[in-house]
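Colleague: Got a minute to walk me through this one? I'd like to start with a single side chain and work outwards.

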Amino acid sequence: MIRLATVFSGIGAIEHTLDRMELEHEIVFACDNGDVDILSKKIDVDLEAIESELTVLETLIRRIGVKTEEEKEYKSQLDKMLDATKSEYISVTQSIDRIAEKNARELILKILGLIIETDGIKKARLKEYTEFLEQLEKKTQRRAAILTTFQCILEVVNDFKKDNAMSDLGKAETSYKSTDNIIWHEVSGDLKEAYDILEENRGKRVIKSVRDISERTGMLHEKINTLHILQELAGIDDYAEKKKYVDRLYSGKESQNKVKASYMANYKIREDQFHWNVCFLDGKQYEGQVDLFVGGSPCQSFSLVGKQRGLEDTRGTLFYEYARLVSEIKPKVFIYENVKALLSNDDGKTWETVSRVFTDLNYTWEKMILNARDFGIPQNRERVFVVGFRNDLVLEREFEPPQPFPLEKKMQDFLLENVSGRYYLPKKGVDFVTMEKNLTKRYTQIDGDIQLCQKRNQQFNWHGDFVFEEENTDKEKTMEDLEKYFLSEKVRKYVLATGTKNFYSRPETDLEVARPLLTTMHKMHRAGVDNYVTTDGRLRKLTPRECLRLMGFCDSFKIVVSDTSAYQQAGNSIVVDVLINIMKAVLKSYPQLAFSEEEIVALKQLEEEEQEERRKGKVS
């Protein structure tokens with residue numbers, strides 16, 4: 001029996017792994033806030049708002065009282081984060097000061113005025129552009145005026161790109177389209193001139209930098225609020241009361257935690273075993289109760305898709321919370337996962353820090369870079385894994401990372417219309433075969449890897465193995481179900497575009513090996529970033545079920561959330577098949593994690609017999 005605990009639990013990749021491996025286990029606790037944020041503060045992407053907030057934060061941090069060494073260290077981190085944010089603010093304002101004043105502001109004011117006066121423009125766009133105009137007219141301070149000017153230019157250009165090619169901007173003879181009923185040919189020339197000024201002054205980079213500072217400023221509020229809560233929790237001795245205190249903080253937010261909804265629907269766990277926030281979880285209450293501890297702190301601060309702020313980002317500092325819990329819980333084995341960019345972030349300094357922390361935990365650990373495509377899943381998804389064994393454990397053998405093997409399946413094998421079989425069941429039979437009780441008790445199995453034991457009368461009572469095939473008579477219904485995943489002509493043109501000179505991507509569809517699934521794939525990035533397939537000559541995105549399959553989740557996994565949440569949860573997960581191979585390697589080194597001494601003896605005997613058979617086969 002493996003006693004399992006997870007943080008940043010997501011939709012339970014390791015839980016599903018143990019289910020698929022049929023390893024007996026129990027969940028001690030899980031923890032995930034589902035991105036429900038009650039601690040940070042949203043700061044406008046506005047220089048005046050940021051400057052004002054930095055002054056407030058300086059006062060708040062100065063007033064923080066600390067008693068313990070841990071609190072002193074925490075306050076020191078706050079001081080460093082504030083100094084770094086102020087330094088970045090000064091840098092971006094200096095870059096704005098160097099921008100030569102041209103007529104960009106006058107151009108965008110003219111453009112907005114003409115568009116607002118257009119008859120028949122859609123109400124939503126009219127309201128948005130009116131607000132742009134009002135904001136721009138209010139900005140009299142030079143820095144703020146330049147930033148707002150660039151923001152407005154970029155917003156209008158993005159609206160233009162929805163229906164037209166950027167290469168056509170400024171061409172008077174071109175016939176432009178607009179779903180918002182904007183007459184682009186009246187403003188095209190001025191918009192091209194304004195956009196050129198934006199590009200010449202690296203306006204997009206300026207906007208991105210200010211947005212980054214606003215986020216970091218908001219995250220400082222999160223760190224301050226976290227410290228205040230930790231100080232309150234320090235005065236509560238009872239662990240159950242501590243949990244009640246934290247649960248009250250999130251009162252009214254339960255329905256927003258879609259991750260928890262998915263987790264609770266698929267695994268056996270009590271409400272009191274699910275925690276909201278890793279920062280407020282005291283691991284000492286679980287010391288000696290956990291065999292396997294698994295987690296991967298949020299990857300956005302290291303990811304190439306994210307901003308790569310590393311350990312300066314509050315999401316990056318959650319790595320320390322994972323390490324703290326390993327130290328407090330003292331599990332026999334831990335598995336940590338993150339994106340490959342963790343190794344190169346900050347010229348390798350981040351990984352040096354992470355390595356030092358792992359070493360100080362009193363564990364013998366091994367780092368691996370594993371790609372899902374090397375372990376049976378046709379998805380290019382490289383991740384860093386760290387497996388640690390507590391130093392007091394006696395291992396059967398030194399841990400060896402799982403070895404890759406040839407990929408035998410294509411992405412097309414995971415698509416709904418390609419899941420096939422030869423025989424069809426009536427509705428009553430389908431209901432029986434897919435019933436949760438029958439799947440759980442292993443009376444039935446759908447698209448299983450290993451066939452169940454066959455019974456003489458299985459074809460009569462719907463027991464045993466089943467596979468899906470789209471019946472021809474149901475094709476119309478299947479296409480109807482898929483309809484919402486097909487792309488409109490406008491979106492199709494966008495996703496098949498190569499991008500811009502600042503972000504070029506080669507558009508390809510119907511790949512045999514999928515691109516990495518992203519948490520933002522519901523937004524439909526270009527075909528050089530996301531995955532798209534063709535069905536009956538029409539282009540569509542992957543369905544949530546297909547995405548889950550490409551993460552190694554069986555169809556028995558219940559989808560109880562919206563498509564958007566399901567896409568995000570799939571993109572955030574660890575690939576189950578990779579974890580299966582890691583667990584096999586772990587059990588070779590330390591079989592006591594899952595098996596009794598009698599079982600270990602039997603397994604060794606079986607392994608010796610298999611080796612002998614292979615030896616005899618080679619000799620003959």
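Modeller: Let's start with K244, which is partly exposed, with a relative accessible area of 45%. Partly exposed sits between buried (under 20% relative accessible area) and exposed (over 50%), using a 1.4 Å probe and protein chains only.

Colleague: Before we go on, what are we looking at?

Modeller: This is a predicted model, so local features need pLDDT of at least 70 and side-chain atom pairs count only at pLDDT 80 or more, while totals for chains, interfaces and linings use all residues. Residues are numbered from 1 along each chain as its sequence is written, and side-chain values use heavy atoms, with hydrogens and water left out.

Colleague: OK. Which side chain does K244 meet in a salt bridge?

Modeller: E241, at 3.5 Å from N to O. A salt bridge here is a side-chain nitrogen of Lys or Arg within 4 Å of a carboxyl oxygen of Asp or Glu. E241 is partly exposed too, at 35% relative accessibility.

Colleague: Why are those two about one helical turn apart?

Modeller: Because they are 3 residues apart in helix α9, residues 239-249. Helices (H or I, at least four residues) and strands (E, at least two) are DSSP runs, numbered from the N terminus.

Colleague: How many salt bridges turn up in the whole structure?

Modeller: The search finds 34. One of them joins E321 and R324, at 2.8 Å from N to O. Both residues lie in helix α11 (314-329), 3 residues apart, which is about one turn of the helix.

Colleague: E321: buried or exposed?

Modeller: E321 is buried, at 15%. R324 is partly exposed, at 23%.

Colleague: Any other pair to look at?

Modeller: Try R390 and D392, whose closest N and O atoms are 2.6 Å apart. R390 is partly exposed at 21%, whereas D392 is exposed at 51%.

Colleague: Which residues do shared partners join into one network?

Modeller: K242, D282, K284, E321, R324 and E328. So you have met two members of that network already: E321 and R324 form a salt bridge with each other.

Colleague: New topic. Which residues touch the most other members of the largest nonpolar core?

Modeller: L292, I335, F385, V387, F553 and I582, out of 53 residues. A nonpolar core is a set of buried Ala, Val, Leu, Ile, Met, Phe, Trp, Tyr and Cys residues joined through side-chain atoms within 4.5 Å.

Colleague: Which helix gives the most to this core?

Modeller: Helix α20, residues 576-589, with 9 residues. Apart from this core lies another, of 52 residues. Its members include F132, F150, V206 and L227.

Colleague: Back to I335. What is I335 in contact with?

Modeller: Leaving aside neighbours within four places in sequence, I335 is in contact with L292, F293, V294, G295, Y322, F385, V386, V387, L579, I582 and M583. Contact means heavy atoms within 4.5 Å.

Colleague: What about the stretch before L292? Where is D291?

Modeller: D291 is in the loop between β3 (274-275) and β4 (292-295). D291 is buried, at 3%. Setting aside sequence neighbours within four places, D291 is in contact with M1, I2, R3, P331, K332, V333 and L593.

Colleague: And V290, buried or exposed?

Modeller: V290 is buried, at 2%. V290 also lies in the loop between β3 and β4.

Colleague: What does V290 touch?

Modeller: R3, A5, V28, F29, I329, K330, P331 and K332, not counting residues up to four places away in sequence. R3, P331 and K332 are also on the D291 list. F334 is 44 residues from V290 along the chain, and their C-alpha atoms are separated by 9.8 Å.

Colleague: Last topic: backbone. What is phi of D35 near?

Modeller: Near 65°, a positive value in a residue other than glycine. D35 is in the loop between β2 (25-31) and α2 (47-63). D35 is exposed, at 66%.

Colleague: What about phi of N362?

Modeller: Near 70°, positive again in a residue other than glycine. N362 is in the loop between α12 (349-360) and β6 (363-371). At 49%, N362 counts as partly exposed.

Colleague: One more. Which residues in α5 meet residues in α6?

Modeller: R125, E128, Y129, F132, Q135 and L136. On the α6 side they meet A145, T148, T149, C152, E155, V156 and D159.
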